[in-house]
Every structure is written in C-alpha cells, then in structure tokens.
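Reader: I am new to this structure and would like to know how its descriptions are justified. Could we go through some of the terms and see what stands behind each?

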Amino acid sequence: MAANAILVAVDGQSADDWVQQLRLHAPGRDIRRWPQDSGNLAGIAYACVWRAPHGLLATFANLKAIIALSAGVDHVLADPKLPQVPIARVVHPDLTMRMVEYIVLHVLLHHRHQRRYDAQQRERVWKLHEQPPASEVAVGIMGLGAIGTKAGKVLADIGFQVAGWSRTQKNASGIEVFYGQGALDPFLNRTEILVCVLPATAATDGILNLRLFRRLKRNGALRGAYLINAARGRVQIDADILTALAEGSLAGATLDVFAQEPLPASSPLWTHPQVTITPHNAGDISPRLLAREIIAQIERIERGEKLLHLVDRRAGY
Ligand SMILES: NC(=O)c1ccc[n+]([C@@H]2O[C@H](COP(=O)([O-])OP(=O)(O)OC[C@H]3O[C@@H](n4cnc5c(N)ncnc54)[C@H](OP(=O)(O)O)[C@@H]3O)[C@@H](O)[C@H]2O)c1
C-alpha cells in the first residue's frame, strides 16, 4: 500500500494539539505522533515538524514532503541528513498579524517612552518627556517578506518613515526599499528604530553586531537608536548588544529570540534596564487556526499540485 500517513514531530512542546486539530480537519486519516505512535515508518508520507531531531526524517523511506510548523525553517535545514523532498513553511494571516502586533507594540513602547514612564510610576514621578511625531522617526525593517512588509505598512499608516531591507528588489507601497549587501549601510544610516525579521541563514548569522549598531542613526528625542529582534537568536550577537548599550550606539533593545532558548538565567540581558525580554512569543502559532491549511497543503500534493510557501534550500529560507 502506498504511504500516506501524516506524522507530527515536535520537540520541546506537546504534539497533542496538532494531532487533535489535524484529525478534526481530516477525519479517518492516519495521523501519528512522534515518538510514541510513529508506527511503521515506511507508511509515513508527510512530516509536520518543529525542531525534530536531526536524522529522524531520513528514516522515513517514503516521505513525500516536509511541512515546517513555523515560518522559519532554520531548524529543518540544519539537519545534515535532510531528505530531498519539497519543504513548505507557514505563511498565515494569523501568524503575520501576531508578529505585526508585536513589532508595532514594541516600536510604540519605545517611541512613546513607555518604559521610562513605567519606571517613573514605580517612583511616583510625574514628568513629561519630549514626544517626537511619528513622521520624524525612521523605522527600518530588515526582512521584507510576509511579516516585514505587513508590519512596515501598518507602521507607515501610523505615520512613521518606514524603510525595508531585503535580498532582492521589490515594491511595497509606503515603504522605501533597500536591497542587497551594498544597500545595507545607507539603510542603517537612515534608521533609528531597527526591526529584524530576517530568516536565520548562513548570510544572516550574527548580522546584528556592533559594526551594524554603530551605523544606525541616533534620534536625540528618543535617546538613540533602538533594536527589536523578532527573527531568530542566531542573527544577533548578545555581547555586541551589551557593548552597544554601554557605549550608546543603542538606547535599548527588545529581544524575543536567543541563540540559546530559554535564555540562561546567567545572561546579563535579563536584568539590563534598557532591555525588554520576551520568551520567543512574538508569533505564537495556533494549531487550531493552522491545521486546516496544513491538511490543504497535503491535499495539494495528492492532487499533483505544488506546495504553497515552498522553501528555497539554496537561499536557506
Ligand atoms: N519570533 C517569532 O515568534 C517568529 C515568528 C515567525 C517568524 N519569525 C522569523 O521571521 C522570519 C521572517 O518570516 P517571513 O515569513 O516574513 O519570511 P519571508 O517571507 O521568507 O521573508 C524573509 C525576508 O528576509 C529577506 N532576506 C533573507 N535573506 C536576506 C539577506 N541575506 N539579506 C537581506 N534580506 C534577506 C528576504 O528577502 P527577499 O524578499 O529578497 O527574498 C525576505 O524579504 C522567519 O524566517 C523567522 O525566523 C519569528
């Protein structure tokens, strides 16, 4: 019999929700949970994965496709034994909007001095700080894909001067587009609030480093440049963020992602007064909202159609 089972392999969180929701949208289908009910591995055709152990996918001899249960696929592509089957990732309005909410929230927290007012409240201090208009504040978004483009449009609607940086040329209304390595410095030189939503690839590893922070424009009214990293921990150098904060190239940072997650308790970032830490929650993914799309992807393959949101292995995203 031809392989047609769906296997859910997620690490660090429960697969139960995914399995339950997938079964709801595909009643009667053979949907399995790794590792406890993986069954006969030769029957597995589709693997839905989040941080599956390296080498696992290579044990499925009849695998037809890999569906990453995430927007970023660094965790899939890092597998040295990755089978040569198509890989799709999540692009979904719910995920996009959650990311947009996070980005807009943290841009505004900085823009409106909210962290300073929080500190003042604890001391019962009533003191106003200069509030520049959004139209005089330059936000720069690294990564103009599904998430970066939407976030840029919302920020432009609020009135910010928005620019984005991508690998290839593109048009995005309301956003000044910079692309390619040669355009990075001009993009940074005009940017006061830097938002990173790049994928983690060989080309973006450690890109958020001291050299880059020193090229940002400092906004006097906002006491310097600000960093928001909602991409992946690998793209930032924690020690360089601390140096940039100490020397003033950065006025503050919001960090959702870290090279090691959970962020170790010993990290000085936890208690730094200019740093806001969140536990990789910027774009939480809901199995309830996404299961239908995943089943639709599998049905697409079964009809002989191409997967949507295919990953380009060479580009790494
Ligand atoms: N923190 C969270 O909870 C969370 C949740 C969701 C996603 N994320 C992260 O956000 C990332 C972006 O997601 P997405 O769906 O927006 O991805 P996407 O649609 O693939 O967009 C990626 C963007 O990055 C650009 N890019 C890639 N490599 C580049 C390079 N070397 N130089 C310049 N630009 C480069 C791409 O340029 P082109 O347009 O030219 O291809 C594209 O504009 C994901 O990969 C993931 O790591 C994090």
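Author: Let us begin with a term: a cavity is a set of grid points where a 1.4 Å probe fits but cannot get out. The model is predicted, and a search of the whole structure finds 1 cavity of 30 Å³ or more.

Reader: What makes the largest cavity count in that search, and which residues line the largest cavity?

Author: The volume of the largest cavity is about 40 Å³, and the search takes in cavities of 30 Å³ or more, so by the definition of volume, the space filled by probe spheres set on the points, the largest cavity is counted. Its lining consists of Val49, Arg51, Ala52, Leu57, His75, Val76, Asp79 and Leu82, which divide into 5 nonpolar, 1 polar and 2 charged residues.

Reader: Why is the space of about 510 Å³ called a pocket?

Author: The second largest pocket, with a volume of about 510 Å³, bears that name because a pocket is an open set of points with protein on both sides within 12 Å along at least five of seven lines, whereas the probe in a cavity cannot get out. Its lining has 23 residues, of which Arg115, Arg116, Arg223, Pro273 and Gln274 lie nearest the centre. Helix H3 (93-111), helix H4 (114-122), strand S11 (252-255) and strand S12 (275-277) each supply at least two lining residues, and the largest share, 6 residues, comes from H4.

Reader: How do you know that Arg167, Asp256 and Tyr317 make polar contacts with the ligand?

Author: A polar contact is a pair of N or O atoms within 3.5 Å, and each of the three can be set against that cut-off. A backbone N or O atom of Arg167 lies 3.0 Å from a nitrogen atom of the ligand, while an N or O atom in the side chain of Asp256 is 2.9 Å from a ligand nitrogen. For Tyr317, an N or O atom in the side chain is 2.5 Å from an oxygen atom of the ligand; each distance is within 3.5 Å, and therefore each pair is a polar contact. Taken alone the ligand exposes 940 Å², and the protein buries 91% of that.

Reader: What surrounds the ligand?

Author: The ligand is surrounded by 28 residues, the closest being Arg89, Leu144, Thr168, Lys170 and Tyr317. Helix H5 (146-158) and strand S7 (161-166) are the elements that give two or more residues to this shell, whose residues divide into 15 nonpolar, 8 polar and 5 charged.

Reader: How do you know that strand S1 and strand S3 pair?

Author: Two strands pair if at least two bridges are found between them; 6 bridges join strand S1 (residues 5-10) to strand S3 (residues 44-50), so these parallel strands pair. Ile6 stands opposite Tyr46 in S3. In the open sheet the order is S2-S1-S3-S4-S5 with parallel pairing, and strand S2 (31-33) and strand S5 (87-88) are called edge strands because each pairs on one side only.

Reader: What makes the backbone at Pro35, Pro262 and Arg124 worth pointing out?

Author: Most residues other than glycine have a negative phi, and most peptide bonds are trans. The bond from Trp34 to Pro35 is cis, with omega near 0°, and Pro35 lies in the loop between S2 and S3. The bond from Glu261 to Pro262 is also cis, with omega near -5°. Arg124, in the loop between H4 and strand S6 (138-142), has a positive phi near 55°.

Notes: Residues numbered from 1 in each chain as written. Predicted model: local features only at pLDDT ≥ 70, side-chain atom pairs only at ≥ 80, totals over all residues. Heavy atoms only, no water. Near = heavy atom within 4 Å. Polar contact = N/O pair within 3.5 Å; in protein donor to acceptor, adjacent residues only side chain to side chain. Areas by Shrake-Rupley, 256 points an atom, 1.4 Å probe, with all protein chains shown as cover. Helix = DSSP H or I, 4+ residues; strand = E, 2+ residues; numbered from the N terminus. Nonpolar A, V, L, I, M, F, W, Y, C, P; charged D, E, K, R; others polar. 1 Å grid on protein atoms, 1.4 Å probe; cavity = no way out; pocket = protein on both sides within 12 Å on 5 of 7 lines; lining within 4 Å.
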